[in-house]
Amino acid sequence: MRKKIIAGNWKMNKAFADAEELISDIAEGIEDLELKNTEVVLCPPSIYLEMASDIAEESEFKVGAQNISDKEWGAYTGEISAAMLQSMEISYCIIGHSERRKYFQEDHALLAAKVDQALTYEVAPIFCCGELLQDRDAGRHFEIVKTQLQESLFHLTKEEMRNVVVAYEPVWAIGTGMNATAQQAQEMHAFIRKTLAEKYDADTASQISILYGGSCNAKNAKEIFSQPDVDGVLIGGASLNADEFIQIIKSI
Ligand code: PEP
């Protein structure tokens, strides 16, 4: 059975003490929950990964990074590598977030190299894909998402692909308060699963968790999550508030 995942992407938010408080509050809030086949993943800024990891040792959540280098080690000032994440027992890394694609010009080939690094060091990529509003308006959304999957993931073997989590994040929904409807999410998730089944096989596709991300909050999470091909959510803004994030986890 594929895993359900509720992941929080904190982006570049929170000073150290606030971050520590938020992580501790979430840890406390999920203490008594029965998280059967469900993983809670917190992705704080990389400078806080060690602190998060220490708290995670005594708690039920996993820790993820927001980005990694496509390189292994070496003279790449400012970068962190998948090898480093593995050495700190960090389980996940977001790769291909639309903000990385937009502000840091990350292209398909670079993202493919990052995915390879992550898998080499047993860090599960949360691979983000999703179309711009103009692509959706022009009816190109399926084509855009398919290309993103093909260009950055489809060089992987079936065994490697089973360790990847896909996050469908329509760019027009990220941080805008304009979430995709449950039907729009289901339609795209089903399309992604079909595309994975065509490239690999139905069994592989059925084992890959596909998350929805984009203005998901405590009010809309349950409906979006009730869709058969939605296996979890990637939450930005609403993951910065412990009560709301815990409410989302409970609603799922
Ligand atoms: C994100 O950035 O991954 C995200 C889903 O953001 P938000 O929930 O704020 O739309």
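Trainee: What makes a residue part of the group that surrounds the ligand, and how many are there?

Mentor: A residue counts if one of its heavy atoms lies within 4 Å of the molecule. In this predicted model, 14 residues surround the ligand, and the closest are Lys11, His97, Glu169, Gly175 and Ser215. Local features need pLDDT of at least 70 and side-chain atom pairs 80 or more, while totals for chains, interfaces and linings use all residues. Residues are numbered from 1 along each chain as its sequence is written, and side-chain values use heavy atoms, with hydrogens and water left out.

Trainee: Why is the pair between Lys11 and the ligand called a polar contact?

Mentor: The term takes a pair of N or O atoms within 3.5 Å. A side-chain N or O atom of Lys11 sits 2.6 Å from a ligand oxygen, so that pair qualifies. Gly175 brings a polar backbone atom 2.6 Å from an oxygen of the ligand, and Ser215 has a backbone N or O atom 2.7 Å from a ligand oxygen. The protein buries 95% of the 300 Å² that the ligand exposes taken alone, using Shrake-Rupley areas with a 1.4 Å probe.

Trainee: Why are α5 and α7 called oblique?

Mentor: Helix α5 (residues 108-120) and helix α7 (residues 141-153) have axes that cross at roughly 55° and come within 7 Å. Under 35 degrees is roughly parallel, over 145 roughly antiparallel, 65 to 115 roughly perpendicular, and the rest oblique. The α5 and α7 pair is therefore oblique.

Trainee: And what are α1 and α2 to each other, parallel or antiparallel?

Mentor: The axes of α1 (residues 16-30) and α2 (residues 49-56) come within 10 Å and cross at roughly 25°. That makes α1 roughly parallel to α2.

Technical notes: A polar contact is a pair of N or O atoms within 3.5 Å; within protein, one must be able to donate a hydrogen and the other to accept it, and residues adjacent in sequence count only if both atoms are side-chain atoms. Axes are lines fitted to C-alpha atoms, for helices over the stretch in contact, and angles run from 0 to 180 degrees between N-to-C directions. Helices (H or I, at least four residues) and strands (E, at least two) are DSSP runs, numbered from the N terminus.
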